[in-house]
Amino acid sequence: MADFEKLLVWQKAHQLALLTYEITSDFPHSEHYALRDQIRRAVVSISANIAEGKGRNGDKAFAHFLHVALGSLSEAQALILLARDLDYVASDHVDQFLAQSEEVGKMISSLMARCRKATRNR
């Protein structure tokens, strides 16, 4: 098992990606290479950046990649809301996505703060 897989925040971000693939699977064909793929790329970027940051040397680098992951999370949230407004995603799925994404966001923010504090204390 890779080190990043042990992180609860990575596990939650991975689950969010799996949920996203599920709820975007019924998008109209015209969106398969547009909005659907952009949402998927954004949400996959969250766990990928957590993993990449964990693989880097030091808390400062990890905090940077967590910051990028947080940006990808915000992008995914905005795109899911657009998909909802276009009636591509059911409201209950949007609610589930937003609840899980908020949890991931809080976890990322908390981990960023710990990394920054550890960097300052050195």
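Me: What makes leucine 81, which is found in helix H3, partly exposed and not buried or exposed?
Reply: In this predicted model, leucine 81 has a relative accessible area of 29%. Buried means under 20% and exposed means over 50%, with partly exposed in between, so leucine 81, at 29%, counts as partly exposed.

Me: Which residues does leucine 81 touch, not counting residues up to four places away in sequence?
Reply: Leucine 81 touches Val94 and Leu98, where contact means heavy atoms within 4.5 Å. The C-alpha atoms of leucine 81 and leucine 98 are separated by 9.1 Å, although the two residues are 17 residues apart along the chain.

Me: Why is arginine 36, in helix H2, called buried?
Reply: The relative accessible area of arginine 36 is 13%, and the word buried applies under 20%, so arginine 36 is called buried. Not counting residues up to four places away in sequence, arginine 36 touches Thr24, Phe27 and Glu31.

Me: How do you know that H2 is roughly antiparallel to H3?
Reply: H2 and H3 pack at an angle of about 160°, with their axes 8 Å apart. Angles over 145 degrees count as roughly antiparallel, and therefore H2 is described as roughly antiparallel to H3. The crossing in which H2 passes H3 is left-handed.

Me: What is the reach of H2 from its first C-alpha to its last, and what is expected?
Reply: H2 has 21 residues and reaches 30 Å from its first C-alpha to its last, which is close to the 30 Å expected at 1.5 Å a residue. There is nevertheless a kink of about 25° in H2, centred on isoleucine 46.

Me: Which residues of H1 are buried, and what do they pack against?
Reply: Helix H1 covers residues 8-23, and its reach of 23 Å is close to the 22 Å expected for its 16 residues. The buried residues in H1 are Val9, Trp10, Ala13, Leu16, Ala17, Leu19, Thr20 and Ile23, and the buried residues of H1 pack against helix H2 (35-55), helix H3 (59-85) and helix H4 (91-120).

Me: Why is aspartate 87 called exposed?
Reply: Aspartate 87, found in the loop between H3 and H4, has a relative accessible area of 69%. The cut-off for exposed is over 50%, so aspartate 87 is called exposed. Its phi is near 65°, a positive value in a residue other than glycine.

Conventions. Residues numbered from 1 in each chain as written. Predicted model: local features only at pLDDT ≥ 70, side-chain atom pairs only at ≥ 80, totals over all residues. Heavy atoms only, no water. Helix = DSSP H or I, 4+ residues; strand = E, 2+ residues; numbered from the N terminus. Expected span 1.5 Å × (residues − 1). Buried < 20%, exposed > 50% of the residue type's maximum accessible area, 1.4 Å probe, protein only. Bend = angle between axes of the 7 residues up to and from the residue. Axes fitted to C-alpha atoms, helices over the stretch in contact; angles between N-to-C directions. Parallel < 35°, antiparallel > 145°, perpendicular 65-115°, else oblique. Left-handed = near helix turned anticlockwise from the far one by under 90°.
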